[in-house]
Amino acid sequence: MPSFAAAAEAVLAQMRPGWRNPKHGKDWLSSMERFAFPRLGKLPVSEVTSADVVETLRTVWHERPATARRVRQRISTVMEYAVALNYRDDNPCSRIGPVLGPQQDLVQHMRALPHRDTAAAVAKVRASKVNPAVKLAFEFLVLTAARSGEVRGARWDEMDTADHVWTVPATRTKAKREHRVPLSGRALEVLDAARAAGYGGPLVFPSARGKRINDMALSGLLRTLEIPAVPHGFRSTFRDWAAEETNHPREVVEAALAHVVQNKVEAAYARSDLFERRRTLMDDWANYIAGAHPRHPPITELAEHELAGTAAR
């Protein structure tokens, strides 16, 4: 009879080949080692009870709700493995919800800049002395409104600079479907700069060792330059700009963000990826970053102006 920890290792070994990012496996095991194994690890998998699972989750259920839910799901997966291999007859995770009670976690949004501050942020990154590949990757991320992993893993064979298209393969998108990204003039200039830098290899924005840039590189860049945002937040910045400063239809903006249509009826009729309309949208976004003057000054400037006025009075 395997222990719970041994069963968890077996489950991880079975699931690992199906994950696109090796980081998922590390996160999976790390959470189990931290929260589940101290109480459950040495128990025979057949002897883990609902009470054991409740006590495992009790201390984090309300303090760290999202983490607790993930750990519960992972414990449940190990228990289903045990049931499937006839080590036990039931899953003790199926009866603990009412005992643990409802959670009151709050939604925390990714930190994002107001769109009127984006041009200044891009200019600040350009003028910095950090790794040139990271700087170019950041600007490309902003211009394309793409996800960090898609940009950091971008390859030259995905780029059609003649037709101004970046085709992200299904294996590298969150929705697991191919996504075509129209490239603005400035995005093409970023690619030209990356090519001129002579990095070599298949990656557009490689690390110093020619490998994929670490997932913390872009976040670290923003922290170093004291830009109050995270890389993923620029997708929200792009969406806010489109809603507040343009007349582009919502479905075009959602398609640019590669969001899946949730309504099944609507999705059945949404056969087009609205590519040409998205091209206009992305050109407008690039032009806005390049030189559009906001209709309202940034909050910091507005505050300084008001303070000056108050002092004068």
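**View 1. Lys176 in the loop between E2 and E3.** Lys176 sits in the loop that joins E2 to E3, in a model that is predicted. Although Lys176 is a residue other than glycine, its phi is positive, near 60°. The side of the chain on which this backbone geometry occurs can be stated through accessibility: Lys176 has a relative accessible area of 58% and is therefore classed as exposed.

**View 2. Ala145 in the loop between H7 and H8.** The loop between H7 and H8 is the place of Ala145, which is not a glycine and yet has a positive phi of about 55°. Is Ala145 buried or exposed? With a relative accessibility of 1%, Ala145 counts as buried.

**View 3. The chain as a whole, for orientation.** The chain contains 15 helices and 3 strands, and of its 313 residues 41% count as buried. Among the contacts between residues at least 6 apart in sequence, 66% join residues that are at least 24 apart. The accessible surface of the chain is about 18000 Å², and 52% of that surface belongs to carbon and sulfur atoms.

**View 4. Helix H14 and its packing partners.** Helix H14 covers residues 275-291, 17 residues in all, and spans 24 Å from its first C-alpha to its last, which is close to the 24 Å expected at 1.5 Å a residue. Its buried residues are Phe275, Arg278, Arg279, Leu281, Met282, Trp285, Ala286, Tyr288 and Ile289. Which elements do the buried residues of H14 pack against? They pack against the helices H6 (118-127), H7 (132-144), H11 (233-245) and H12 (250-256), and also against the strands E2 (165-168) and E3 (179-182).

**View 5. Arg277 on helix H14.** Arg277 is also found in helix H14, but with 45% relative accessibility it counts as partly exposed. When residues up to four places away in sequence are not counted, Arg277 touches Pro249 and Val252. The C-alpha atom of Arg277 is separated by 9.8 Å from that of Ala255, a residue 22 places away along the chain.

**View 6. The largest cavity, with E3 and H14 in its lining.** The structure holds 1 cavity of 30 Å³ or more, and about 40 Å³ of space lies in the largest cavity. The lining of the largest cavity consists of Thr144, His179, Val181, Pro182, Ala256, Arg278 and Met282. Two elements, E3 and H14, give two or more residues to that lining, and E3 gives the most, with 3 residues. Divided by class, the lining of the largest cavity has 4 nonpolar, 2 polar and 1 charged residues. Arg278 and Met282, which belong to this lining, are also among the buried residues of H14.

**View 7. The largest pocket and its lining.** The largest pocket holds about 1500 Å³ of space. Its lining is made up of 29 residues, and those that lie nearest the centre of the pocket are Asn21, Lys23, His24, Gly149 and Arg152. Which helices each supply at least two residues of the lining of the largest pocket? Helix H2 (22-40), helix H4 (65-84) and helix H8 (148-152) each do so. By class, the residues of this lining divide into 13 charged, 10 polar and 6 nonpolar.

**View 8. Helix H3 and the elements that cover it.** Within helix H3, which runs over residues 50-61, the buried residues include Ser50, Asp52, Val53, Val54, Thr56, Leu57, Val60 and Trp61. The cover over the buried residues of H3 includes H2, H4 and helix H5 (97-100). Two of these elements, H2 and H4, also each supply at least two residues of the lining of the largest pocket.

**View 9. Trp156 in the loop between H8 and E1.** Trp156 lies in the loop that runs between H8 and strand E1 (159-160). Leaving aside neighbours within four places in sequence, Trp156 is in contact with Leu191, Ala194, Arg195, Gly201, Pro202, Leu203 and Val204. Between Trp156 and Gly200, which are 44 residues apart in sequence, the distance from C-alpha to C-alpha is 9.9 Å.

Technical notes. Residues are numbered from 1 along each chain as its sequence is written. This is a predicted model: local features need pLDDT of at least 70, side-chain atom pairs count only at pLDDT 80 or more; totals for chains, interfaces and linings use all residues. Side-chain values use heavy atoms; hydrogens and water are left out. Helices (H or I, at least four residues) and strands (E, at least two) are DSSP runs, numbered from the N terminus. The expected span of a helix is 1.5 Å times one less than its number of residues. Buried means under 20% relative accessible area, exposed over 50%, partly exposed in between (1.4 Å probe, protein chains only). Contact means heavy atoms within 4.5 Å. On a 1 Å grid over the protein atoms alone, a cavity is a set of points where a 1.4 Å probe fits but cannot get out, and a pocket is an open set with protein on both sides within 12 Å along at least five of seven lines; lining residues have an atom within 4 Å of a point. Grid points are joined across faces, edges and corners, and a volume is the space filled by probe spheres set on the points. Ala, Val, Leu, Ile, Met, Phe, Trp, Tyr, Cys and Pro count as nonpolar, Asp, Glu, Lys and Arg as charged, and the others, Gly among them, as polar. Accessible areas come from the Shrake-Rupley method with a 1.4 Å probe; for residues, only the protein chains shown count as cover.
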